[in-house]
Amino acid sequence: MEKNILKVRAHDAIVGSLYLLSILGATYVNQNLIYIAIGVGLLQLVSPVTKFCPVYFILNKLMPNTEAIQNGK
């Protein structure tokens, strides 16, 4: 159970970082970087329906000794 909590926290850290980096990038580098935040948000909205999350897909591969989360089943 503890390993799944670590996986959820890693997911939240990755997604939060993508939001922050895209907002900062859109503010200081190029306004088109805001589309990263939009894409992440859309994936989060669709994820409960499709039961697939790209971040969890990668984390499931990197942490094989944990229970698979959002693996499309």
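This passage walks through the fold of one chain, helix by helix.

The model is a predicted one. Its chain is built from three helices, with zero strands, so there is no β-structure to look for under the helix and strand rules used here. Reading from start to end, the pattern is simply α-α-α. Laid along its principal axes, the C-alpha trace spans about 40 × 25 × 15 Å. The chain has 73 residues, and 25% of them count as buried. The accessible surface adds up to about 5,400 Å², with 69% of that belonging to carbon and sulfur atoms. As for who touches whom, take the contacts between residues at least 6 apart in sequence: 48% of these join residues at least 24 apart.

Helix H1 comes first along the chain, running over residues 2-28. Its 27 residues reach 38 Å from the first C-alpha to the last, close to the 39 Å expected at 1.5 Å a residue. Which residues of H1 are buried? They are Asn4, Lys7, His11, Val15, Ser22, Gly25 and Ala26. A bit of helix geometry helps in reading such a list: an α-helix has 3.6 residues a turn, so residues three or four places apart point the same way. The buried residues of H1 pack against both H2 and H3.

Helix H2 covers residues 34-50. With 17 residues at 1.5 Å each, H2 should span 24 Å, and that agrees with its end C-alpha atoms, which are 24 Å apart. Buried here are Ala37, Val40, Gly41 and Ser47, and the buried residues of H2 pack against H1. Val40 gives a closer look at that packing: leaving out neighbours within four places in sequence, its contacts are Val15, Leu18 and Tyr19. After H2 comes Lys51, which has a positive phi, near 60°.

What makes up the largest nonpolar core? It holds seven residues, namely Val15, Val40, Cys53, Val55, Tyr56, Leu59 and Ile69. Helix H3, residues 54-62, supplies the largest share of this core, with three residues. Grouping of this kind fits a general trend: in soluble globular proteins, nonpolar side chains tend to be buried together. Val15 and Val40, both in the core, are also in contact with each other.

Not every nonpolar side chain is tucked away, though. Ile14, Leu18, Leu24, Tyr28, Val29, Leu33 and Ile36 form a nonpolar patch on the surface, and together they have about 670 Å² of accessible area. H1 gives the most to this patch, with four residues. Leu18, one of the patch residues, also turns up among the contacts of Val40. Ile36, another patch member, sits in H2. Why does Ile36 count as partly exposed? Its relative accessible area is 39%, and that label covers values between the 20% cut-off for buried and the 50% cut-off for exposed.

The last stop is Glu67, in the segment after H3. Is Glu67 buried or exposed? Its relative accessibility is 56%, so Glu67 counts as exposed. Even so, Glu67 touches Asn4, Lys7 and Asn60, not counting residues up to four places away in sequence. Two of these partners, Asn4 and Lys7, are among the buried residues of H1. Leu43 makes a useful contrast: Glu67 and Leu43 are 24 residues apart in sequence, and their C-alpha atoms are 21 Å apart in space.

Key: Residues are numbered from 1 along each chain as its sequence is written. This is a predicted model: local features need pLDDT of at least 70, side-chain atom pairs count only at pLDDT 80 or more; totals for chains, interfaces and linings use all residues. Side-chain values use heavy atoms; hydrogens and water are left out. Helices (H or I, at least four residues) and strands (E, at least two) are DSSP runs, numbered from the N terminus. Buried means under 20% relative accessible area, exposed over 50%, partly exposed in between (1.4 Å probe, protein chains only). Contact means heavy atoms within 4.5 Å. Accessible areas come from the Shrake-Rupley method with a 1.4 Å probe; for residues, only the protein chains shown count as cover. A nonpolar core is a set of buried Ala, Val, Leu, Ile, Met, Phe, Trp, Tyr and Cys residues joined through side-chain atoms within 4.5 Å. The expected span of a helix is 1.5 Å times one less than its number of residues. Patches are made of residues with over 30% relative accessible area and no salt bridge: like charges are joined within 9 Å, nonpolar side chains (Val, Leu, Ile, Met, Phe, Trp, Tyr) within 5 Å. A salt bridge is a side-chain nitrogen of Lys or Arg within 4 Å of a carboxyl oxygen of Asp or Glu.
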